[in-house]
Amino acid sequence: MENTQNQLPMKVDVKIGSIRPEGSIKAIASVNLNDCFAIRNVKVVDSSKGLFVAMPSYKAGNGEYKDICFPVTKEFREQLNQAVIGAYNQALAQSQNAAPHQAEAPKQNAGMQMGGM
């Protein structure tokens, strides 16, 4: 089974569901892996070290937060982070470009898909 990880590239589709200009959570995203596994409630978080991707988590009995699902390899973690932050930056740029030109907003946003949570 170890060899199958290297044979198939992972297709990562990201939809930014909401952008939040206030607070440390900048966006909520949905991620679809190889069109067969979906992850909701992925957060783009702004910290002192810059943006990072926070996976869905739960609060354990000891008060710590534990990720529900997460990348297993360093390589896939990097791919996932790049995909989510890239989608966030693209959605942010499109929303900022659309704001000053309200009359043109439907044309500029026609290709952008906003996924519902």
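This passage describes the fold, the charged pairs and some individual residues of a predicted model.

The protein contains 3 helices and 6 strands, and their order along the sequence follows the pattern α-β-β-β-β-β-β-α-α. Of the 117 residues in the protein, 26% are buried. Among the contacts that join residues at least 6 apart in sequence, 33% connect residues that are at least 24 apart. The average pLDDT of the protein is 84, and 77% of the residues score at least 70. Confidence is not even along the chain, since pLDDT remains under 50 across residues 103–117, a segment for which the model nevertheless has 20 contacts beyond four places in sequence. Where pLDDT is low, the predicted coordinates should not be read in detail.

One of the pairings between residues far apart in the sequence involves strand 1, which spans residues 12–19 and includes Ile-16. The C-alpha atom of Ile-16 is separated by 6.8 Å from that of Ala-87, although the two residues stand 71 residues apart along the chain. Ile-16 has a relative accessibility of 3% and therefore counts as buried.

Side chains of opposite charge can pair when their charged atoms come close. In this model the count comes to 3 salt bridges, and two of them involve Lys-11. The side chain of Lys-11 meets that of Asp-13 with an N to O distance of 3.7 Å, and the side chain of Lys-11 also meets that of Asp-35, here with an N to O distance of 2.8 Å. The pair of Lys-11 and Asp-35 links distant parts of the chain, as Lys-11 is placed in the loop between helix 1 (2–7) and strand 1, whereas Asp-35 is placed in the loop between strand 2 and strand 3, 24 residues apart. The partners also vary in accessibility: Lys-11 is partly exposed at 39%, Asp-13 is partly exposed at 31%, and Asp-35 is exposed at 52%. The remaining salt bridge is formed by Lys-66 and Glu-64, whose closest N and O atoms are 3.5 Å apart. Both of these residues count as partly exposed, Lys-66 with a relative accessibility of 33% and Glu-64 with one of 43%. Salt bridges that share partners join Lys-11, Asp-13 and Asp-35 into one network.

Lys-26 presents another arrangement of a charged side chain. This residue is found in strand 2, which covers residues 25–33, and is buried without having a salt bridge. The nearest side chain of opposite charge to Lys-26 belongs to Asp-46 and is 4.6 Å away, and this separation does not satisfy the salt-bridge rule because that rule requires a distance within 4 Å. A polar atom of the Lys-26 side chain does, however, lie 3.1 Å from the backbone oxygen of Pro-21. When residues up to four places away in sequence are not counted, Lys-26 touches Ser-18, Ile-19, Arg-20, Pro-21, Val-44, Asp-46, Leu-51 and Tyr-88. Pro-21 thus appears both among the residues touched by Lys-26 and as the source of the backbone oxygen close to the Lys-26 side chain at 3.1 Å.

The loop between strand 2 and strand 3 (37–47) holds Asn-34 and also Asp-35, and both residues have backbone angles that call for attention. Most residues other than glycine have a negative phi, and most peptide bonds are trans. Phi of Asn-34, by contrast, is positive, with a value near 50 degrees, and phi of Asp-35 is likewise positive, with a value near 55 degrees. Asn-34 is partly exposed, having a relative accessible area of 30%, while Asp-35, at 52%, counts as exposed. Asp-35 accordingly combines a positive phi with a side chain that takes part in the salt bridge to Lys-11.

With regard to cysteines, a disulfide is a covalent bond between the sulfur atoms of two cysteines, and the structure holds 0 disulfides. Cys-36 is exposed, with a relative accessible area of 65%, whereas Cys-69 counts as buried at 19%. The value for Cys-69 falls in the buried class because that class comprises residues under 20% relative accessible area.

Technical notes: Residues numbered from 1 in each chain as written. Predicted model: local features only at pLDDT ≥ 70, side-chain atom pairs only at ≥ 80, totals over all residues. Heavy atoms only, no water. Disulfide = S-S within 2.5 Å. Buried < 20%, exposed > 50% of the residue type's maximum accessible area, 1.4 Å probe, protein only. pLDDT = per-residue confidence, 0-100. Contact = heavy atoms within 4.5 Å. Helix = DSSP H or I, 4+ residues; strand = E, 2+ residues; numbered from the N terminus. Lys, Arg positive; Asp, Glu negative; His and termini not counted. Polar contact = N/O pair within 3.5 Å; in protein donor to acceptor, adjacent residues only side chain to side chain.
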